[in-house]
Amino acid sequence: MDKAPDSGSRAEPETIAHLIPRGGTLTPVDISIVVPALNEEITVGEFVDWCKEGLARAGATGQILIVDSSSDNTPNIVLEHGGEVLRTPKRGLGRAYIDASAYLRGKWIVMGDADLTYDFRELTPFVQAFQNGAEFVMGSRIRGSIEKGAMPRLHRYFGTPFTTWILNRIYHGKYSDIHCGMRGLTRVALDMIDLKLQSWGYASEMVLKAARLGLVTAEVPVKFYKDRKGRVSHHRRQGWLSPWIAGWLNLKVMLVYTPDSFLLKPGTILLTVGLLLSLALASGPITIGPIGFSLYWMLFGVTCSTLGYSCIQIGVLARVMHGLRPISLLRVQRLLTYDRGMLASGVLVVIGIAFLAALVYRYLLHGLHLQTVSHPAILGLLLILLGFQTFCFTLLMEMAQRVARKDRK
């Protein structure tokens, strides 16, 4: 076996080994098939053969790279069948792709599993999608075919449709199966996505970052088979709770990477309604037709205002920290500067104190007792709250932008 140089690898040199079959080369190819494997000696040989057949059918040159953390004979079988092996410690699916990034030689990349559940003999739809300009190609078992017994009913009819629906709602996507393990993307797109998550969450990270970055996407049907006789899936090896943990991690990624999607618009509505109520009732109760708007409505307005403003702040900070919307981020940075934020917070606090001054004067005048409710004072308290929130938000924005600039360097 030959050992390839590991320059540019993200992992420590002593923890990674790139093995290629005798007579193999490291020349550029059309497609890099990169697949993690953990003790897959039952299936991995035939899998490599499937990949070769798929490349031949698609008329493409390819690299078959197995990212291996096995304790069985998996790596030797891969090499015997003509594939490459990247030996790494067991660190998670996402980390496997991160480790493999420096060793990929194809302009297009196809990912999947080495357990023969995805039919890698049918790579042609992926190649055609790439040739038509797609940057991110998602496989779909729903639009393809699912062998009887290959997917539990709970996953097929609840888990996958439900989480796919959530992601489509948040990201305005049109996917039918976001958990399909067979997917592809261009090398440029992989670099842009810059995977960070090292476990199951990488799958959703790829999909949502592709949406946020505005990548040209496509979905192609794939075939999904049940496990071969004698092989037990990794989920089953880890117990009945494993699929639920994977689903929870994927849902967590969807929410963490996109708070702006479900916070900015509701936050704007809450803030608008809250300010309208608070300002309208600042001089006292009002009546519109049969409806009376009193102190409680004003307190409701104060609550809406503070909640809405918090939602907007978190949404804006998310965009700055993730940096997945460069044009929007540039606008935010130009508008929400440190000086403007500090000035706005100061103005809000000063006006709020002015509204409170009359109440404090009457409070002192009547021997530290309040005679009536002061609506202007409540508005003053709201302005002080918003001013303090603006002060804190300005500091967080400045810190987030400095961290983002440091990361880009």
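In what follows a residue is called buried under 20% relative accessible area, exposed over 50%, and partly exposed in between. The structure is a predicted model, and the exercises below work through parts of it.

**Exercise 1. Buried or exposed, or in between: how does aspartate 194 count, and in which loop is it found?**

Solution. Begin with the place of the residue: aspartate 194 belongs to the loop between α6 (187–193) and α7. Next take its relative accessibility, which is 26%; because this value falls between the two cut-offs, aspartate 194 counts as partly exposed. Finally look at the backbone, where aspartate 194 has a positive phi of about 50° although it is not a glycine. Most residues other than glycine have a negative phi.

**Exercise 2. Find asparagine 39 and describe its backbone and its accessibility.**

Solution. Asparagine 39 sits in the loop between β3 (29–37) and α1. Its phi is near 55°, which is a positive value in a residue other than glycine. With a relative accessibility of 28%, asparagine 39 is counted as partly exposed.

**Exercise 3. Describe the overall dimensions of the protein chain and set its radius of gyration beside that of a compact globule.**

Solution. First, the chain contains 14 helices and 11 strands. Second, along the principal axes its C-alpha atoms fill a box of roughly 95 × 45 × 40 Å. Third, a compact globule of 409 residues would have a radius of gyration near 22 Å, whereas the protein chain has 28 Å. Fourth, buried residues account for 47% of the 409 residues, and the accessible surface comes to about 20900 Å², with 63% of it belonging to carbon and sulfur atoms. Last, when contacts between residues at least 6 apart in sequence are taken, 77% of them join residues at least 24 apart.

**Exercise 4. Why can helix α7 be called largely enclosed by the rest of the structure?**

Solution. Helix α7 covers residues 202–212, and 10 of its 11 residues are buried, so the helix is largely enclosed by the rest of the structure. Among the buried residues are Tyr202, Met206, Leu208 and Arg212. Two charged residues deserve a separate step: the side chains of lysine 209 and glutamate 205 form a salt bridge with an N to O distance of 2.8 Å, and both residues are buried. They are four residues apart in helix α7, and are therefore separated by about one helical turn. An α-helix has 3.6 residues a turn, so residues three or four places apart point the same way. After the helix comes glycine 214, whose phi is positive, near 70°.

**Exercise 5. Which parts of the chain does the salt bridge between arginine 141 and aspartate 177 tie together?**

Solution. The side chains of arginine 141 and aspartate 177 meet at 2.7 Å, N to O. Arginine 141 lies in strand β7 (residues 136–146) and aspartate 177 in the loop between α5 and β8 (183–186), so the pair ties together parts that are 36 residues apart in sequence. On accessibility, arginine 141 is buried at 7%, and aspartate 177 is buried at 0%.

**Exercise 6. Starting from arginine 57, trace its contacts to a salt bridge.**

Solution. Arginine 57 is part of helix α1 (residues 44–58). Leaving out residues up to four places away in sequence, arginine 57 touches Arg121, Glu122 and Thr124. The backbone oxygen of arginine 121 lies 3.5 Å from a polar atom of the arginine 57 side chain. The side chain of arginine 121, in turn, forms a salt bridge with aspartate 119 at 2.8 Å, N to O. Within this pair, aspartate 119 is buried at 4%, while arginine 121 is partly exposed at 22%.

**Exercise 7. Which residues form the nonpolar patch on the surface, and which element gives the largest share?**

Solution. The patch is formed by Leu154, Phe158, Phe162, Trp165, Leu241, Trp244 and Ile245, which together have about 720 Å² of accessible area. The elements that give two or more residues to it are α5 (153–171) and α9 (242–256). Helix α5 gives the largest share, four residues. One residue placed in α5 is phenylalanine 158, which counts as partly exposed at 42% relative accessibility.

Technical notes:
Residues are numbered from 1 along each chain as its sequence is written. This is a predicted model: local features need pLDDT of at least 70, side-chain atom pairs count only at pLDDT 80 or more; totals for chains, interfaces and linings use all residues. Side-chain values use heavy atoms; hydrogens and water are left out. Contact means heavy atoms within 4.5 Å. A polar contact is a pair of N or O atoms within 3.5 Å; within protein, one must be able to donate a hydrogen and the other to accept it, and residues adjacent in sequence count only if both atoms are side-chain atoms. Patches are made of residues with over 30% relative accessible area and no salt bridge: like charges are joined within 9 Å, nonpolar side chains (Val, Leu, Ile, Met, Phe, Trp, Tyr) within 5 Å. Accessible areas come from the Shrake-Rupley method with a 1.4 Å probe; for residues, only the protein chains shown count as cover. A salt bridge is a side-chain nitrogen of Lys or Arg within 4 Å of a carboxyl oxygen of Asp or Glu. Buried means under 20% relative accessible area, exposed over 50%, partly exposed in between (1.4 Å probe, protein chains only). The radius of gyration is taken over C-alpha atoms; the globule rule is 2.2 Å times the number of residues to the power 0.38.
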